[in-house]
Amino acid sequence: FELSYTQFYDFLPGAWGGLGVSANYTYIDQSGVDDKVGFGEGSTGEGGRNSFRAFKNLALPGYSDDTYNVALMYEKYDIAARLAYSWRSEYLLTRRDSDQFAPIIAKSTGQLDMSVSYYLSEDVKIGLEASNILDEVIETELMYEENGRQTPRSHFSTDRGVGLYLSASF
């Protein structure tokens, strides 16, 4: 399920006429999903390596149930700018980690990004982009038991990034 809204408010006077907003929300129902790839009967037998901690009804790796994105935009007078925040609910990173042989869950997280560019001519623009401005840290948990009990595991961060670019079209 997805809801989306995007609009530039070009009816506003003067420079304000370049303002816009884009927002969306997505919900994925992962209930009843039982991905048996590499697990259960026939893989290596009862008590074998692939039946150890073979949890049922795990979500699909990489997919959050809830996500939303909100962006403030501006496009006018050869300037294009965007400030965007993206958030997602917890999600399954992997069904089995390499040392504990258990599912790893990434906790809910959000990230703020921005970009601004200026058209030097019709075919040439210069810009600045920044990602993970708030230096968000993603926490993970290890699921030892199928009942959902989770234990703190680790933290990782996608580095902040800043880039300057020059773009030309021919």
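Visitor: What do buried, exposed and partly exposed mean here, and which of these is Phe 11?
Guide: Buried means under 20% relative accessible area, exposed over 50%, and partly exposed in between (1.4 Å probe, protein chains only). This is a predicted model, where local features need pLDDT of at least 70, side-chain atom pairs count only at pLDDT 80 or more, and totals for chains, interfaces and linings use all residues. Residues are numbered from 1 along each chain as its sequence is written, and side-chain values use heavy atoms, leaving out hydrogens and water. Because its relative accessibility is 57%, Phe 11 counts as exposed.

Visitor: Happy to follow! How are the rings of Tyr 68 and Tyr 85 arranged: stacked, edge-to-face or tilted?
Guide: Rings of Phe, Tyr and Trp (its six-membered ring) pair if their centres lie within 6.5 Å; planes under 30 degrees apart are stacked, over 60 edge-to-face, and the rest tilted. Here the centres are 6.3 Å apart and the planes at 45°, so the pair of Tyr 68 and Tyr 85 is tilted.

Visitor: How many residues apart in sequence are the parts tied together by Tyr 68 and Tyr 85?
Guide: Strands (E, at least two residues) are DSSP runs, numbered from the N terminus. Tyr 68 lies in strand E3 (residues 66-76) and Tyr 85 in strand E4 (residues 79-88), so the parts they tie together are apart in sequence by 17 residues.

Visitor: Which residue has a side chain joined to that of Ser 22 by a polar contact?
Guide: A polar contact is a pair of N or O atoms within 3.5 Å; within protein, one must be able to donate a hydrogen and the other to accept it, and residues adjacent in sequence count only if both atoms are side-chain atoms. Ser 22 is in strand E2 (residues 19-27). At 3.1 Å, the side-chain partner of Ser 22 is Thr 6.

Note on methods. Helix = DSSP H or I, 4+ residues; strand = E, 2+ residues; numbered from the N terminus.
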